[in-house]
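Visitor: I should like a close look at a single part of this protein. Please describe that part in detail and then place it in the context of the whole chain.

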Amino acid sequence: MRKLINFITGIITGIFPLIIAGILGVLIYNELQNLIGIFICVILGLLAIWGGIQIFKIIQRKGIVDFMSVVIASPDLDNLEPTKDSKTQKRTAKELAELNHKNQNIFKGGTLKIFGDWYGEPYQNSLKILSIDYNEEKKQMEIQFSQNTRIIIDEPDHILESPSVLKILSAKRIKLEFQHEKKGSTKQGSYFKNYAVERNRIRTETNIDWIKQKIDATIGQDALIIFN
């Protein structure tokens, strides 16, 4: 059902660039009824087709809800201080680890999204948090999950915790390690995804070999979000 919804919404959303290009093309050609006007309209049409295809592909991977949340999200809201009666609490990396050691952390686990890139299908593959450790000297946090999954986060900052979500708004580097069946085998192998912030982009690296997978990491996204 989800794939059908993504397919239909992908087509509908992907048509919008063509509609906008068509309107602009008519306006431009009314002013430039010559070869230059035709050339501009053709370029607009080609760009609209390319843009529509890219939107369609993104919605097939992420889903319409996640696509729209990126389009309309306001990152500045995450920088607001939680109110006293709010269920959302602002944490330091050290504080979050200490609360976990005492079994007092209010968030227990969920599905992962790193710099906008989902681990598995969106809102699927829920994992339980087993432990959280923080090395002050290295400024490195390690979160151990169920299913032999681990995340290592360098310089985590601006952490928000609630019963339904855990957010780490910024980090220098994140490494996701997990187990999966090896290509052409039933035996489990160790795999990883690396995400490193370099200037104005996210550099990614992976050893996944059983599927051609695009890593949808974006510099404007929160470093880590775990949804319950």
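Guide: The following account concerns the loop after helix H4, the strand residue that meets this loop, and the helix itself.

The model is a predicted one. Its secondary structure amounts to 4 helices and 12 strands. The protein has 228 residues, of which 36% count as buried. Where contacts link residues at least 6 apart in sequence, 52% of them join residues at least 24 apart. The accessible surface is about 14100 Å², and carbon and sulfur atoms contribute 58% of that area.

The close look begins with Asn 105, which belongs to the loop running between helix H4 (93-101) and strand E2 (109-114). Although Asn 105 is a loop residue, its relative accessible area is 5%, and it is therefore classed as buried, the limit being under 20%. A polar atom of the Asn 105 side chain lies 2.8 Å from the backbone oxygen of Phe 107. Beyond its neighbours within four places in sequence, Asn 105 is in contact with Leu 99, Asn 100 and Glu 161.

Glu 161 deserves separate attention. This residue is part of strand E7, and with a relative accessible area of 1% Glu 161 is buried. Its side chain is placed against the backbone of the loop: a polar atom of the Glu 161 side chain lies 2.8 Å from the backbone nitrogen of Ile 106, and one lies 3.0 Å from the backbone nitrogen of Phe 107. Phe 107 thus takes part through two backbone atoms, with its oxygen paired to the side chain of Asn 105 and its nitrogen paired to the side chain of Glu 161. Residues up to four places away in sequence aside, Glu 161 touches Lys 87, Thr 88, Gln 89, Arg 91, Leu 96, Asn 105, Ile 106, Phe 107 and Leu 166.

Leu 96, one of the residues touched by Glu 161, leads back to the helix. The buried residues of H4 are Ala 93, Leu 96, Ala 97, Leu 99 and Asn 100. Because they cover an arc of only 160° around the axis, they lie on the same side of H4. The packing partners of these buried residues are strand E1 (89-91), strand E4 (127-135), strand E5 (140-145), E7 and strand E8 (165-170). Leu 99 and Asn 100, both among the buried residues of H4, are also contacts of Asn 105. After H4 comes Asn 103, which has a positive phi near 60°.

Positive phi values also occur in two loops between strands. Glu 155, a residue other than glycine, has a phi near 55°; it is situated between strand E6 (149-154) and strand E7 (157-161). With 41% relative accessibility, Glu 155 is partly exposed. Arg 199, likewise not a glycine, has a positive phi of about 55° and occupies the loop between strand E10 (188-198) and strand E11 (201-206). Its relative accessibility is 82%, which means that Arg 199 counts as exposed, the limit being over 50%.

One further detail concerns helix H1 (residues 2-31), which contains Gly 22. At 36% relative accessibility, Gly 22 is partly exposed. The C-alpha atoms of Gly 22 and Gly 45 are 7.4 Å apart in space, while the two residues are 23 residues apart in sequence.

Conventions: Residues are numbered from 1 along each chain as its sequence is written. This is a predicted model: local features need pLDDT of at least 70, side-chain atom pairs count only at pLDDT 80 or more; totals for chains, interfaces and linings use all residues. Side-chain values use heavy atoms; hydrogens and water are left out. Buried means under 20% relative accessible area, exposed over 50%, partly exposed in between (1.4 Å probe, protein chains only). Contact means heavy atoms within 4.5 Å. Accessible areas come from the Shrake-Rupley method with a 1.4 Å probe; for residues, only the protein chains shown count as cover. A polar contact is a pair of N or O atoms within 3.5 Å; within protein, one must be able to donate a hydrogen and the other to accept it, and residues adjacent in sequence count only if both atoms are side-chain atoms. The arc is that of the directions from the helix axis to the C-beta atoms.
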